[in-house]
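Hi,

Here is the structure I promised to pass on. Have a look at it first, and then read my notes below.

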Amino acid sequence: MKRLSSILMALPALCIGLSTATAEEIVHDAEFYVLQAQNGEAWATEDAGLQARLAELREKHGTPPNLIHIMWDDTAYGDLGMPGIQAVRGLDTPNINALAEEGMMFTRMYTEVGCTPSRAAAATGRLAVRAGMYNIGMLQESHGLAAEEVTLGEVLGAAGYATAFYGKWHLGDIEESYPHNQGYDEALFTGYNQILSLNTREAEQGNASIGLFEDMLIEDPYKLDDTFITKDWVMVAEGTAGGETLQWGDNSTETYEAIDGEGLERMFSFMERNVEAGKPFYVANWPIMANFMPIRPKCTRARALLQNGLQCTIDPMIADIRAKLEELGIAENTLIVAMADNGPMSHNPPPGTGFAETIFRGGKGDFLEGGVRVPAFAVWPSVIEPGSMPSDMIHITDLFTTFASLGGAMDQIPTDRVIDGIDQTALLLNGDTAGRRDYTFTYAGPTLGAVVKGDYKRHMISPDPVGEASGIPAAFYFLPSDPREVQPMLTNLIHLKRPFNRMVLRHNLWKEKYPDRPEKHGIPWTGIANASEQLKREQNPQLVLKDLPFDPLEYIEHLDELPFDPNGDPSIGQ
């Protein structure tokens, strides 16, 4: 414990040169303080200029910047923003590509390995494992983001922003996890992923979903348990902070197909109201993008679900949002960050979906670069230099802290937990080499999978268990010359064994002071004002199962005892 005590005493003393007075109280991962100790004075000088520039912009526009975060699913780095690769992959996204031409294209944006973890990281500024959000939510998951977590909606809302969420939330189906219960003024959201498109009667008819709609099947004469198959759920919900939660639509294909369009309409209305009121806003619009059922027109040369979703849903959405900003006269006071949530579903994808590794090896679910290094863009007219292409590392958690910094909300960030997000305002405004991160920790579920430091990477889940056991680990990679991570170097990079061990030990020791939260479980879809009778029976099995000698819902408190399966959910939007 002496080592831990010395670290805990030393790290806060290294908090110098942050962009605001209150930021020095934020607790970051241990590795950040190593960087801070060496670069803090230079950062403090740079921050003074950044704050002066932001003050000028605020005086010019009358409010801090509006903030928009757009995030879609499962796209390989290179599939967007690079016309040559797009020509090979059979799609064309001129409006997304324009974000790169007129703004910034990140070359090293890291996420988490799947979509629930990435969305939790974006919302809280914390690695998903810290919030117990590494499991992927599926139908009636009984799990979600805990009320104790503090979201970007709460942080910016406390600083005077209007906040809204539209689209694929995928952060739980328990009441405390609903976005309008997590700091967003209004929300239209799904609790799950695109598998919802298969939880429909049409999918049952085509055997794309089997046995979910029992009324469509012949009666099973051997059936004894009428509670095994889920009878009802909520595909889409809506609500306002402090108000009712309602199911929006039903569990039909028609409702599913309407989600993205309805979210965009509501987003525009929200923007109009707040521009008229002179109030800055933050919007997270995370579109559904695709349907697993083959009902949409084929609109790309690739003829595939992924390419069609990118070209014919996401690309026009980007154009519509930018046109609306121009119409409202607020384009120059609005930062848009648009990105994928993780890499492609390259493992056992359904036929015809178009997922593939592009530059990097691996995909969704992997701690390889292909799983967590994604296409990402930022545009802020007159602020971000057009055509910027920084090679600095940035992580999805950094958006939390950077948006808080731009919104003057750093003093609203909680100081009783680790915030992994680093303020990357300097990267946005000053461009290449101005980043403040050179490391990432990537978890595979609750287990540390890999660590990156600069151009070097070490797989902590090793392909060489014999070597690891003997103390001669071989899973070291030099990313510039081996972006596909197929040439582990033992002799050339063995000098990195101790430095990486040191990083991991500091990371783990800091966790002793700030432990990860356990998963939060509960009864799904409570608090729905217009809940069906079937849904109520799902929530109270005793209406059907009378006089049981045990509580039929007792199992919910023990869900975290099930072994974690990192290969669960081989699907779009993991």
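Which residues have the most contacts inside the largest nonpolar core? They are Ile321 and Leu335, and that core has 121 residues. Before you go further, keep in mind that this is a predicted model.

The helix that gives the most to this core is α9 (residues 305-328), with 8 residues. If you want a place to start looking, try Leu335. Setting aside neighbours within four places in sequence, Leu335 touches Asn66, Leu67 and Ile68, then Ala378, Val379, Trp380 and Ile384, and also Phe403, Leu406 and Leu428. There is another core apart from the big one, with 24 residues, including Tyr33, Tyr439, Leu493 and Val504. As background, nonpolar side chains in soluble globular proteins tend to be buried together.

Next, the rings. Searching the whole structure turns up 21 aromatic pairs. One of them joins Phe32 and Tyr33, edge-to-face, with 5.7 Å centre to centre and 75 degrees between the planes. Both Phe32 and Tyr33 are buried. Tyr192 and Trp525 make an edge-to-face pair too, at 6.0 Å centre to centre and 90 degrees between the planes. What I like about this pair is that it links distant parts of the chain, 333 residues apart. Tyr192 is in the loop between β5 (186-190) and α7 (201-205), while Trp525 is in the loop between β16 (520-521) and α15 (533-539). Are these two rings buried or exposed? Tyr192 counts as buried because its relative accessibility is 2%, under the 20% cut-off. Trp525 has a relative accessible area of 0%, so it is buried as well.

Ring pairs also build a cluster out of Phe165, Trp169, Tyr184, Tyr282, Trp286 and Phe403. You have met Phe403 already, as one of the contacts of Leu335.

Last, the empty space. The count comes to 5 cavities of 30 Å³ or more. The second largest has a volume of about 70 Å³. What lines the second largest cavity? Its lining is made up of Asp29, Leu127, His395, Thr397, Asp420, Arg437, Tyr439, Thr440 and Phe441. Strand β12 (residues 439-444) gives the most to that lining, with 3 residues. Two of the lining residues are worth viewing together: Arg437 lies over the face of Tyr439, 5.0 Å from the ring centre. Tyr439 also belongs to the core of 24 residues.

Happy browsing!

Terms used: Residues numbered from 1 in each chain as written. Predicted model: local features only at pLDDT ≥ 70, side-chain atom pairs only at ≥ 80, totals over all residues. Heavy atoms only, no water. Phe/Tyr/Trp six-rings, centres within 6.5 Å; stacked < 30°, edge-to-face > 60°. Buried < 20%, exposed > 50% of the residue type's maximum accessible area, 1.4 Å probe, protein only. Helix = DSSP H or I, 4+ residues; strand = E, 2+ residues; numbered from the N terminus. Lys NZ or Arg CZ within 6 Å of the ring centre and 35° of its normal. Core = buried A, V, L, I, M, F, W, Y, C linked by side-chain atoms within 4.5 Å. Contact = heavy atoms within 4.5 Å. 1 Å grid on protein atoms, 1.4 Å probe; cavity = no way out; pocket = protein on both sides within 12 Å on 5 of 7 lines; lining within 4 Å. Points joined across faces, edges and corners; volume = space filled by probe spheres on them.
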